[in-house]
Amino acid sequence: MDASAAPFTGEASEPKVVRITGSELVDNYTVYIINVYVGIHQWMVKHRYSDFHDLHEKLTTEKKINKNLLPPKKIIGKNSKSLVEKRQKELEVYLQTLLKTFPFASPKVLSCFLNFNLYEINGITATLAEELFHKGEQLLVLGEVFEIRPLQLYAITQQLRQAKPTNIDNDAKTDLGHILDFTCRLRYLKITGTRGRVGSSTIEEQLLPFDLSIFKSLLQVEINNCDAARIKGLPSLKPTLSTMSIHFSVVSMKDILVPEAAEFEQWEVEGLATELPVAAVIPAWKMLTTLDMSHNQISSIDESVKVIPKAEFLDLSHNEISLLENLQIEEIKHVGGLPCLEKIILSNNPLSIIPDYRTKVLVQFGDRASEVCLDNTVTTEKEMDTVAVLKAIQKSKETKNWINNSDRKIIEDCRLTAAAGSNSNCSYLPVPPSSPPLSHPASSSQGNHK
């Protein structure tokens, strides 16, 4: 795997290294180019000498570091090539010394100077914790949607796995507990990722796994530009979640609705009877009424929709769902079994361009076809007439297939019986599936029977 694409861990044990690799002249002052390395990842920051001086002033005041550690100012010839090269080496030694002085938790001022608050696990969580320390309660009271990045969620997930103090530099405001208290009570969440590298770093956010089990009260979640296969803890949202939207993240509905299917090939929804052996019983999303999985790369509507029996709205538009042009639309049958579904959107999929697409979809809902709004269009009487015809054709085919299968079974049974020397009568006929009784005139012979 390319190192730039690999998830980073950011553990305290990973070495933190800085290299000043060059400089550039901007508006008559020199800017030093600093590369920061944590584990296999790196990022770049740029600072002029005055930024170093401000950093040093704060560190000498707050942390009592050696005042002579920073190379002195130069007034004459400060932009000369020889001085810049000499100072570049001295400033690199200065930063390396600071990292050795604070090997586990960098002071906030140093963390911000080297962008640890943007790209390194401890710095990311400390910054978020302090933000929620000041604003978290207000955000919860207002009931606003809280937006967070996958990189931040990844940092929280990794921080929880570390056997180390949950605050930075013994600062109570940066304690991880502020994040956990907030996420436990949050009701509306939006997770927005990016494709490609984050900022000036080599971190690819969409490749980072994160765990949502820290959220205990979510009613609504929106996820954008994440790899669904790397999202952990989704089942923990089932007790409360009523609305879920996920875009540019999914290739299979099962990855979101039944992530457990990756471990169990045979599974069934809790409460549904089955005659087949199953390896796992999956609890349903009992509170989920709205599911928007538009703008993904979903190619089929699989059996995972069985776990959303309370779904009233389902948006699968702008995906890659396709099928053969026939009356037996197997994939849509899964959706047709949702008893509460009122609105479904399948537009901008390959299947939506086939002839009579609407009626072929609506017929899968049986007697509920008139109650279902497809692609924001109410079902017309003409469509219902066509649906009735398609249902009759479908019923006829099912009956014919049942009889053919029964005939084949009888012939096979007779062949086996004859081979065994049996004289059993093989002339009986199968009984087709029950159908509505035929009406009889009042003067039938049954009516005159005494």
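Here are three short exercises, with worked solutions, on the structure above.

The model is predicted, so local features need pLDDT of at least 70 and side-chain atom pairs count only at pLDDT 80 or more, while totals for chains, interfaces and linings use all residues. Residues are numbered from 1 along each chain as its sequence is written, and side-chain values use heavy atoms, with hydrogens and water left out.

**Exercise 1. Get an overview**

Find how many helices and strands the protein has, and what share of its residues is buried.

Solution. Begin by counting: the protein has 11 helices and 15 strands. Helices (H or I, at least four residues) and strands (E, at least two) are DSSP runs, numbered from the N terminus. Next, turn to burial: 42% of the 450 residues are buried, where buried means under 20% relative accessible area with a 1.4 Å probe, protein chains only.

**Exercise 2. Follow the sheet**

Work out which strands stand at the edges of the open sheet, then trace the pairing on both sides of β7.

Solution. Write down the order: the 8 strands run β4-β5-β7-β9-β12-β13-β14-β15, with parallel pairing. Two strands pair if DSSP finds at least two bridges between them. The edges are β4 (146-148) and β15 (373-374); each has a single partner strand, so one side of each lacks a neighbour in the sheet. Now move inward: β5 (residues 188-192) pairs with β7 (residues 220-224) in the parallel sense over 5 bridges. Here Y188 stands opposite Q220, and I191 has I223 as its bridge partner. On to the next pair: β7 is joined to β9 (residues 243-247) by 5 bridges, again in parallel, and V221 is partnered by M244 in β9.

**Exercise 3. Describe a helix pair**

Decide how α5 and α7 are oriented to each other, and what kinds of residues make up their contact.

Solution. Take the angle to begin with: the axes of α5 (residues 121-142) and α7 (residues 177-185) come within 8 Å and cross at roughly 40°. Axes are lines fitted to C-alpha atoms, for helices over the stretch in contact, and angles run from 0 to 180 degrees between N-to-C directions. The two helices are therefore oblique to each other, since angles under 35 degrees count as roughly parallel, over 145 as roughly antiparallel, 65 to 115 as roughly perpendicular and the rest as oblique. Then list the contact (heavy atoms within 4.5 Å): residues of α5, including L128, L132 and F133, meet H178, I179, F182 and R185 in α7. Finally, sort them: the contact has 8 nonpolar, 3 polar and 2 charged residues, with Ala, Val, Leu, Ile, Met, Phe, Trp, Tyr, Cys and Pro as nonpolar, Asp, Glu, Lys and Arg as charged, and the others, Gly among them, as polar.

Technical notes:
Buried < 20%, exposed > 50% of the residue type's maximum accessible area, 1.4 Å probe, protein only.
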